[in-house]
Amino acid sequence: MNETLTPAVPVAASRTTDKDWWRGAVIYQIYPRSFADSNGDGVGDLRGITRRLDYVASLGVDAIWVSPFYRSPMRDFGYDIADFREVDPLFGSLADFDELLARAHALGLKVLIDQVLSHTSDEHAWFRASRASRDNDRADWYVWADPQADGTPPNNWLSVFGGSAWQWDARRRQYYLHNFLASQPDLNLHHPAVQAQLLDDVRFWLDRGVDGFRFDAVNFYFHDRALRSNPAWGDEPRTDHSTPDSNPYAWQRHLHDKTQPENLDFLRRLRALMDAYGATTSVGEIGDDNALAVMADYTSGGDKLHMAYTFNLLRDELDAAHVRNVVEQLQAGIGDGWPCWSIGNHDAPRVMSRVGGADAPPALAKVLLAMLVSLRGSACLYQGEELGLPEAEVPFEALQDPYGIAFWPEYKGRDGCRTPMPWDDQMPHGGFSSRAPWLPMSPRHLPLAVSRQEADANSPLHFARRFLAWRRTQPALAKGELRFLPAPSSCVVFARRLDATDLVVALNISAEPACIALTGLGTLQALSGHGLSGALVGDHIELPAYGGFFGLAGGDAA
């Protein structure tokens with residue numbers, strides 16, 4: 001690790017005293033490689049983000065989450081970290097990050113950054129030392145195991161990215177564990193020194209002034225010490241939505257390679273550290289056979305993660321029945337825990353294509369955004385969702401994602417949601433860069449560029465701004481309890497209750513009109529200003545395709 005780092009800037013004075021600011025917050029995810037390129041090398045960078053922060057602030061979001069920008073060989077595009085405290089030159093410098101942080105705070109935006117604590121790059125100094133011998137100071141910082149008598153790996157654990165989760169190392173004559181790429185060896189968090197080092201690296205960024213973290217693969221931190229093999233999944237319907245059906249990883253019950261009980265104590269240590277810095281927050285990514293139950297465990301009690309998200313609304317074809325089922329399952333067990341809903345990110349096909357297909361209309365983008373930020377919880381909005389971007393088609397010869405390359409063509413990987421942000425359809429490469437970008441700019445995205453939508457008052461972009469501003473006037477959408485109401489199969493209908501008043505939300509996420517009869521709510525009065533089409537007709541709500549209705553029951557309309 002480089003010990004001659006730029007001195008940390010003082011913790012920003014703008015860090016709020018409201019420790020619950022994150023409850024109901026909308027967090028805008030930025031994937032640095034694909035957001036904005038400031039130096040013309042075809043890859044987005046920190047200065048590019050800083051130059052576009054006014055745009056992000058104009059959306060009305062509360063915070064940004066910046067995906068990894070640390071020094072890395074980029075085999076998994078930054079999720080393989082070679083130094084937790086250095087910015088990769090591809091993205092800029094620590095000074096560039098400080099400038100980004102200061103500008104975001106000046107605009108009233110909180111800043112969350114990714115932390116990848118389950119593994120490192122095989123180029124990290126810790127791993128180079130660990131693999132050198134079995135008796136050095138860092139020999140046990142990673143998960144090493146002897147082969148079976150016949151030379152095969154110690155158990156049947158599989159990598160998310162395909163094949164065995166064990167890689168042979170000829171120097172140590174042992175296998176090491178990698179839940180992802182072979183170049184991403186897993187840290188051994190059973191070792192106290194590893195935990196202490198990781199907490200110190202988290203402290204480095206807190207001292208620099210960040211407002212929180214998104215913790216990657218947060219349930220992968222510990223493994224079963226006995227290295228017991230996982231049982232087969234069997235014939236039951238799948239409950240892990242983090243991997244495609246074509247991946248044999250989905251054919252096991254992952255009882256021993258992740259989600260171990262020791263993780264809870266480490267998360268408590270992590271939370272205690274963050275709480276010492278005041279109003280910070282954390283979002284954990286959970287991929288598990290029982291992800292919703294794990295989310296409840298990891299966010300309850302106020303002493304572990306502040307909030308978490310799962311893949312339950314990311315991998316499936318999203319329909320109203322599925323949304324209701326997921327939310328009701330979670331609410332039944334989460335207690336005082338807190339969700340952070342996500343319907344799109346850098347790991348999932350874009351939601352417009354998952355729901356609306358190849359020709360999804362702009363109206364779908366509006367109702368999906370309204371649904372996302374009206375559920376009880378916080379929300380992550382992935383870059384481009386405010387534009388209604390569909391999944392990009394990336395030909396095999398242009399693929400960069402090792403996951404997609406390994407499973408092509410049954411699974412095309414994650415590049416289709418990672419293509420560059422279209423800023424200006426009149427500029428080369430959509431205004432993202434002056435040079436051909438690392439992934440091709442999608443021709444389907446250019447007509448949806450920010451420049452086009454700024455000029456169209458009815459665009460998804462303008463809707464996003466209006467709706468998020470309107471949402472701030474409705475505290476029930478951030479803080480109220482949620483219960484579902486009877487509805488047609490194409491509609492998501494629920495009430496958010498706050499101070500004895502129900503705010504009724506009715507959203508049609510299908511291409512067919514719908515009629516909803518609501519009973520037992522008393523007088524219902526329509527709310528205006530949210531920007532969706534829907535009407536109260538007698539004792540019915542009538543919704544056009546992709547329409548929405550908001551109304552008050554038990555109180556006065558506003």
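These legends accompany close-up views of a predicted model.

**View 1. The largest pocket and its lining.** About 390 Å³ of space lies in this pocket. Its lining counts 16 residues, and Pro244, Asp245, Arg315, Pro349 and Tyr411 are the closest to the centre. By class, the lining of the largest pocket splits into 10 charged, 3 polar and 3 nonpolar residues.

**View 2. The second largest pocket.** The volume here is about 330 Å³. Of 19 lining residues, those closest to the centre are Trp21, Gly24, Ala25, Asp62 and Arg472. Helix 13 (460–471) and helix 14 (476–479) each contribute at least two residues to the lining of this pocket. The lining holds 8 charged, 7 nonpolar and 4 polar residues.

**View 3. An open sheet of 5 strands.** The strand order is 14-15-16-21-18, and the pairing is antiparallel. Strand 14 (481–484) and strand 18 (524–526) form the edges. Each has a single partner strand, so one side of each lacks a neighbour in the sheet. From one strand to the next, the twist averages 30°.

**View 4. Pairing of strand 18 with strand 21.** Strand 21 covers residues 548–553. The two strands pair in the antiparallel sense over 3 bridges. Ala526 has Gly551 of strand 21 as its bridge partner.

**View 5. Helices lying across strands of the sheet.** Helix 8 (residues 320–334) lies across strand 14 and strand 15 (491–498). Helix 8 runs at about 130° to strand 14. Helix 10 (residues 362–374) lies across strand 15, strand 16 (501–508) and strand 21. The angle between helix 10 and strand 16 is about 145°.

Technical notes:
Residues are numbered from 1 along each chain as its sequence is written. This is a predicted model: local features need pLDDT of at least 70, side-chain atom pairs count only at pLDDT 80 or more; totals for chains, interfaces and linings use all residues. Side-chain values use heavy atoms; hydrogens and water are left out. On a 1 Å grid over the protein atoms alone, a cavity is a set of points where a 1.4 Å probe fits but cannot get out, and a pocket is an open set with protein on both sides within 12 Å along at least five of seven lines; lining residues have an atom within 4 Å of a point. Grid points are joined across faces, edges and corners, and a volume is the space filled by probe spheres set on the points. Ala, Val, Leu, Ile, Met, Phe, Trp, Tyr, Cys and Pro count as nonpolar, Asp, Glu, Lys and Arg as charged, and the others, Gly among them, as polar. Helices (H or I, at least four residues) and strands (E, at least two) are DSSP runs, numbered from the N terminus. Two strands pair if DSSP finds at least two bridges between them. Axes are lines fitted to C-alpha atoms, for helices over the stretch in contact, and angles run from 0 to 180 degrees between N-to-C directions. Contact means heavy atoms within 4.5 Å.
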